[in-house]
Structures are given as C-alpha cells and as structure tokens.
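Morning, everyone. I have a few backbone oddities and one surface feature to show you. Here is the model.

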Amino acid sequence: MQDNSEKNFSAELSHLDSQGQAQMVDVSDKASTVRQAVAVARVRMLPETLAAIQAGNTPKGDVLATARIAGIMAAKQTANLIPLCHPLPLQKVAVEITPDSQLPGYHIQATVKTKAETGVEMEALTAVSVAALTLYDMAKALEKSIQIESIHLISKTGGKSGDYSASEL
C-alpha cells in the first residue's frame with residue numbers, strides 16, 4: 001500500500017517523472033508568448049571600495065562595464081549552467097548596476113525578455129548572480145570582504161502561472 005506522501009511525483013513537481021527521476025519539462029504543447037523576468041542583487045562593500053570603483057581607480061580596469069557584460073553573457077548561457085533549463089531565444093537582456101552610498105555598494109538589476117514556451121526567471125537570476133560575482137572578482141584586490149546579498153526575483157510576467165511581483169528585501 002502506498003503512502004499518500006508518495007503520490008505521483010510528476011503531478012506536483014514538473015522536473016520529476018513518475019519514478020522521481022529528473023527530467024527536462026516538455027514545453028512543446030505550450031504557446032509561445034512574451035515573457036519577462038526581473039531579478040536583483042546587492043553587493044555590499046566598504047565606502048572606500050565604492051569610492052575607488054566610482055572613480056575608476058581599480059587595478060583590473062572598468063569594474064562596472066565588465067560586470068554588466070558578464071551578466072548579459074551569463075543570461076545567454078543559463079541552459080548550459082543550470083541543469084534542466086531550456087535554451088531560450090533571448091530578445092532582451094539588460095543589466096543595470098547602480099551605486100548606493102547608504103549600502104554602501106551596488107544594486108544590480110537584470111531584466112530578461114523572450115517570446116517562448118517557458119519563462120526567463122533563471123536567466124534573470126543567473127545574470128545578477130554572475131554580474132555580482134564579476135564585480136567581486138574585479139574589486140577583490142581592493143577588498144576581500146565584499147558581500148553578495150539578497151539575490152532574488154522581483155517580478156515575472158507571462159506564462160501559464162501568470163504574473164508575479166515581490167517587494168524588494
């Protein structure tokens with residue numbers, strides 16, 4: 001006799017088949033619609049590190065331009081990095097990096113858009129994560145204690161599950 005907690009995995013978790021094995025979700029029957037996701041991250045650092053980056057006074061060069069490009073490139077590679085993610089034709093990837101002297105540090109926001117059968121949440125989250133990691137890498141000679149914080153999805157539109165919006169942490 002089967003316990004109720006052992007019901008058909010595929011009914012509740014789309015990335016598992018009926019035997020509980022990982023699978024890529026079949027999205028071939030879904031309509032191709034416009035989908036967008038926005039994710040954010042914070043990078044906290046000493047005021048002196050923020051000032052050096054803002055002044056362009058860093059040993060490795062343009063920290064922010066490099067981090068922005070890294071985030072865009074990462075979004076395009078998400079299917080190669082995250083198991084079971086679908087490769088998607090991305091129509092837009094924008095990475096904004098904004099200084100915040102009160103943090104002190106930077107707010108990173110990625111907006112990713114496509115017209116496809118599945119959403120771009122993972123692409124947006126990957127973009128902010130890699131942009132934050134690159135910012136750390138480019139500035140670690142100035143400060144090793146830089147902290148990457150609060151990576152999360154703030155909105156998504158399109159798809160069967162509808163729209164989602166969260167307040168920023």
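Helices and strands here are DSSP runs, numbered from the N terminus: H or I with at least four residues for a helix, E with at least two for a strand. This is a predicted model, where local features need pLDDT of at least 70, side-chain atom pairs count only at pLDDT 80 or more, and totals for chains, interfaces and linings use all residues. Residues are numbered from 1 along each chain as its sequence is written, and side-chain values use heavy atoms, with hydrogens and water left out.

Backbone to start. Most residues other than glycine have a negative phi, and most peptide bonds are trans. Now the exceptions.

Look at Leu-84, in the loop between α4 (78-81) and β2. Its phi is positive, near 75°. Leu-84 is partly exposed, at 29% relative accessible area; that class lies between buried, under 20%, and exposed, over 50%, with a 1.4 Å probe and protein chains only.

Ser-150 also has a positive phi, near 50°. Ser-150 sits in strand β4, residues 147-157.

Next, the peptide bond. From Leu-103 to Pro-104 it is cis, omega near -20°. Pro-104 belongs to the loop joining β2 (90-100) and β3 (105-116).

Now the surface. Which residues form a nonpolar patch? Leu-133, Ile-148 and Ile-151, with about 240 Å² of accessible area together. Patch members have over 30% relative accessible area and no salt bridge (Lys or Arg side-chain nitrogen within 4 Å of an Asp or Glu carboxyl oxygen). Nonpolar side chains are joined within 5 Å, like charges within 9 Å. Areas are Shrake-Rupley, 1.4 Å probe. Leu-133 is in helix α5, residues 121-139. Leu-133 counts as exposed because its relative accessibility is 52%.
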